[in-house]
Amino acid sequence: MRKRIVLPVLSILTIVMSGMIANPASAHGYISSPPSRQANCAQGRVANCGDIVWEPQSVEAPKGSMQCNGGGSRFAVLNDNSKPWPAASVGNNVTFNWVLTARHRTSTWEYFVGSTRIAVINDNGAQPGATVSHNVSLGGRTGRILVLARWNIYDTAMAFYSCVDLQVGSGGGGGTPTPPPTSPSPQPPQSPPPTNPGGTWAAGTAYAVGATVTYGGLSYRCLQAHTALAGWEPPNTPALWQRI
Amino acid sequence: MKRFVLLAVTLATLAACDAPPGVTTAPSFAPPSGSPPPAVSESGGHNPTDVMFLQMMAAQYGPAAELLKLAAGRSANTKVRELAAAMDVTQADELAKVQGWLRGWSEPLTPAADPSLHAGHGGLPATGPDEVKALRDAPAAEFDKVFLNLLIGHQHQAVEYARMELTAGVNPQVLEFATRVDQTRTAQVTMMLGMVSG
């Protein structure tokens, strides 16, 4: 029993010593589409975003801020309007879709353009449902705008912040992202994924059933069509790759 | 002060997670003398964080498998179907491995039932029967959107679990597994965010 307590204490010391005071529980939600700034960072569509890439759901700060990062110094990159944030093309009515990693009891969801609150949804302390989407009217605004969304938690002093860059046109309505107005490094045209027969296994490659690769000096045959990703190396994924 | 409270809470929850109420387990790191050593001892031993991580992952796989099978069968988008099918089979392999570790250590295969015990490290899985039902009931036009938003959140949670393990776990094999969970889920989230916004 005593050891049982000692070990966690040691774990805690390790956490403290490694400077990891950020608790995993601080992660909870953000807007996925139209893509919020943190979603664009996590997707790699905007470079040099820092830690937000790993935890787009963690933009938590005291309620009441009008900044994309909720104020403070953490994730300040989200406030940087000089970054080439892509703006999704939309019409006057936009459906904002949220990703949640924890379903906190909610007081309100608020949407702002500039200092004007354009929508508020009052959940009266209820827990969010399986999916959260809000249809919001942009009130006839046109051109490029920045929407700030705040998810106000019912039983804490905190809120989660998401900023979404939009290009509002008359004909839009979907969430199709358009490239930022100035594109410093134009992306090369997307080539079809290489089939890479007989080559070395590489993350990002689309493999068809029967494709063969080498990895770590051994050969493997693909058992199920998939796009390779880091962590899915052939020796780690017997369901996807068979040694030959 | 806040930092201290946070740590105290983490400490309490870590200790609590190791000993789910009503479940009596021998302290895994101190086998009674005379009993055969656990099968894993030659690979470096384990601590309560390792156990907690594996139990939380084990609890995550069930609802994910249901969402993934639905998507592999119903999505109208080839890329979504293919990713879902590949995630389904790779996670089935992972689950077998996770359960193997827990059985080898004579630990329960599921985390303690009280969600408050887990509040300090990512919470119990946010995906359950309600979420699976929401996807099952989703109209065709909304299907991919519902699936992707549910699964992005679900995989993010696995990243949170993995990072807890990488911070405080000790078993080398489980740490290596956590690294792969971190990598694969992060890459999957990147792909799915592209699909949901495109």
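How many of the 26 residues of helix α5(B) are buried? Select that helix, residues 143-168 of chain B, and you will find it mostly covered, with 23 of its 26 residues buried, where buried means under 20% relative accessible area, exposed over 50% and partly exposed in between, using a 1.4 Å probe and protein chains only.

Before going on, note that this is a predicted model, in which local features need pLDDT of at least 70, side-chain atom pairs count only at pLDDT 80 or more, and totals for chains, interfaces and linings use all residues. Residues are numbered from 1 along each chain as its sequence is written, chains are lettered from A and ligands numbered from 1 in the order in which they are written, and side-chain values use heavy atoms, with hydrogens and water left out.

Staying on α5(B), check its length: at 1.5 Å a residue its 26 residues should span 38 Å, and the end C-alpha atoms, 38 Å apart, agree with this, the expected span being 1.5 Å times one less than the number of residues. Helices here are DSSP runs of H or I with at least four residues, strands are E runs of at least two, and both are numbered from the N terminus.

Next, select α2 (residues 48-74) and α3 (residues 78-104) of chain B, which pack at an angle of about 150° with their axes 9 Å apart; the axes are lines fitted to C-alpha atoms over the stretch in contact, and angles run from 0 to 180 degrees between N-to-C directions. That angle makes α2(B) roughly antiparallel to α3(B), a word used for angles over 145 degrees.

To see where they meet, show side chains including Leu54(B), Tyr61(B) and Leu68(B) in α2(B), and Met87(B), Leu95(B) and Trp101(B) in α3(B), contact meaning heavy atoms within 4.5 Å.

Now keep α3(B) alone and colour its buried residues, among them Val80(B), Leu83(B), Asp88(B), Glu94(B) and Trp101(B). What covers the buried residues of α3(B) includes β14 (226-227) of chain A, together with α2, α5 and α6 (172-197) of chain B.

Follow that strand into chain A, which has two helices and 15 strands, and of whose 244 residues 45% count as buried. Finish at Leu166(A) in strand β9 (residues 158-168), which is buried with a relative accessible area of 0%. Leaving aside residues up to four places away in sequence, Leu166(A) touches Pro34(A), Val90(A), Phe96(A) and Ile145(A), among others, while Pro35(A), 131 residues away in sequence, lies 9.2 Å from Leu166(A), C-alpha to C-alpha.

Note on methods:
Parallel < 35°, antiparallel > 145°, perpendicular 65-115°, else oblique.
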